[in-house]
Amino acid sequence: MSRLIRAVIDTAALRSNLDRIRSAAGRRRVLAVVKANGYGHGASTVARALGAADAFGVARLDEGVALRDAGVTHPILLLEGVVTREQLHEAAARRLDLVVHEPGQVALLEAWRGPHRFGIWLKLDTGMHRLGFPVREAAAVRARLAALAVPAASVRVMTHFARADERDCPETGAQVARFEAAVARFGLETSLCNSAGLFGWPAAGGDWVRPGLSLYGVSPFAGESAASLGLAPVMTLTTTVIATRAVARGESVGYGGLWRAARDSRVAVLAAGYADGLLRGLPNGAPVALCGVRAPLVGRVSMDMIAVDVTDLPPVEVGMPAELWGPALAVEEVASSAGTLAYELLCGVTQRVERITI
Ligand SMILES: Cc1ncc(COP(=O)(O)O)c(C=O)c1O
């Protein structure tokens with residue numbers, strides 16, 4: 001243990017979450033989403049631990065190449081596909097499957113003359129209005145993909161939900177209906193569900209699910225814990241107390257004097273700041289766990305440090321560990337106190353933080 005702040009990655013939790021996802025997915029296959037460095041957990045670490053997944057999904061070419069360089073032999077899908085001819089060649093050389101979501105990508109494939117036969121996922125826009133062909137164009141694009149000079153190894157069809165994390169929102173059901181109507185006669189494998197779709201919309205169906213967040217033991221639903229979904233946190237972000245001090249009533253702590261002691265207090269200073277990925281917007285009162293007990297953040301998050309009011313805790317000493325999130329403190333709760341989502345906190349953990357795999 002050389003660094004003061006560490007992200008401990010629990011591969012047993014990863015595997016147990018995959019098992020839980022499989023039981024929710026039924027007969028559907030699992031494409032494990034490991035983009036953005038495995039949501040901050042380390043893409044190759046996650047892929048190695050999840051050898052039982054059917055395929056992996058990343059956003060971009062370089063992420064797929066990195067997984068191949070790490071020795072991953074599973075199918076790997078580029079969820080944004082490729083943009084240029086050079087990228088198409090690289091994807092072929094690395095046997096990376098492609099999402100096709102816009103006309104230029106169809107044209108690239110039509111011009112492809114290499115020996116490699118691509119695995120293709122045709123993406124339809126059923127309501128997200130970000131990537132994907134309008135459903136009215138689905139049949140025409142599908143016909144073009146069926147007529148490629150170098151036939152595809154497989155063509156599948158997918159869509160992505162905009163609001164599946166809102167359990168009562170009718171838009172997800174409407175997206176499912178639009179998708180099913182568009183692909184009904186295709187006879188192709190399909191994929192609709194991210195984590196929220198998988199756990200919140202069991203009727204959404206398809207042949208593949210594409211979970212990201214839930215693999216990492218995080219609930220996609222506000223107000224519903226991961227534990228209630230049978231998921232276990234994978235990342236524990238722990239740091240170290242580097243100073244303790246008395247702060248007299250009326251004195252302030254940190255830049256801008258954002259927190260002023262309402263009583264004589266004891267404050268612990270922890271080695272964790274926005275250069276490690278903590279959000280500067282974390283307010284006074286955001287939770288930190290010391291010795292398994294919660295204590296409130298006080299004052300501004302600075303680049304390398306935060307301060308915590310430990311007046312009500314048993315004695316805290318320099319060198320003691322503190323949990324920023326993990327089993328004692330859900331990352332969802334920390335995110336919510338900063339007005340954001342766990343996705344942003346997990347992906348934001350910086351290189352300075354040592355990753356330890358257990
Ligand atoms: C196309 C696609 N599928 C699946 C996922 C995984 O979503 P989640 O992490 O919410 O499970 C994402 C993530 O953004 C995505 O873009």
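The centres of domain 1 and domain 2, taken over C-alpha atoms, sit 37 Å apart in this predicted model. The domain assignment puts residues 11-218 in domain 1 and residues 235-357 in domain 2. Where the two meet, 10 residues from domain 1 touch nine from domain 2. Between them the domains bury about 860 Å², and carbon and sulfur atoms account for 68% of that area. On the domain 1 side, the residues that give up the most area to domain 2 are Y39, H41 and V218; together that trio makes up 47% of what domain 1 buries there. As for salt bridges between domain 1 and domain 2, the count is zero.

Salt bridges do turn up in the structure, with a total of 16. Side chains of opposite charge can pair when their charged atoms come close. One of the pairs is D54 with R22, whose closest N and O atoms are 3.1 Å apart. This pair ties together distant parts of the chain, with 32 residues separating the partners. R22 belongs to helix 1 (residues 11-25), while D54 sits in the loop that runs between helix 3 (43-49) and strand 3 (55-58).

Next comes the empty space inside the protein. Rolling a probe the size of a water molecule over the atoms shows where such space is left. Counting cavities of 30 Å³ or more gives five, and the largest of them holds about 70 Å³. Its lining is made up of L278, L282, A286, P287, V288, L297, I306, L324, W325 and V334. Two elements, strand 15 (287-290) and strand 18 (321-325), each give two or more residues to this lining. Sorted by class, the wall of the largest cavity comes out as 10 nonpolar residues, with no polar and no charged ones.

Then there are the pockets, which are open rather than closed off. The second largest pocket has a volume of about 190 Å³ and a lining of 13 residues. Nearest its centre are G254, Y255, R300, S302 and M305. The lining of this pocket is a mix of classes: eight of its residues are nonpolar, three are polar and two are charged. The largest cavity, by contrast, has no polar or charged residues in its lining.

Note on methods. Residues are numbered from 1 along each chain as its sequence is written. This is a predicted model: local features need pLDDT of at least 70, side-chain atom pairs count only at pLDDT 80 or more; totals for chains, interfaces and linings use all residues. Side-chain values use heavy atoms; hydrogens and water are left out. On a 1 Å grid over the protein atoms alone, a cavity is a set of points where a 1.4 Å probe fits but cannot get out, and a pocket is an open set with protein on both sides within 12 Å along at least five of seven lines; lining residues have an atom within 4 Å of a point. Grid points are joined across faces, edges and corners, and a volume is the space filled by probe spheres set on the points. Helices (H or I, at least four residues) and strands (E, at least two) are DSSP runs, numbered from the N terminus. Ala, Val, Leu, Ile, Met, Phe, Trp, Tyr, Cys and Pro count as nonpolar, Asp, Glu, Lys and Arg as charged, and the others, Gly among them, as polar. Domain bounds come from an automatic or database domain assignment. Contact means heavy atoms within 4.5 Å. Buried area is the accessible area (1.4 Å probe) that two parts lose on being put together, summed over both. A salt bridge is a side-chain nitrogen of Lys or Arg within 4 Å of a carboxyl oxygen of Asp or Glu.
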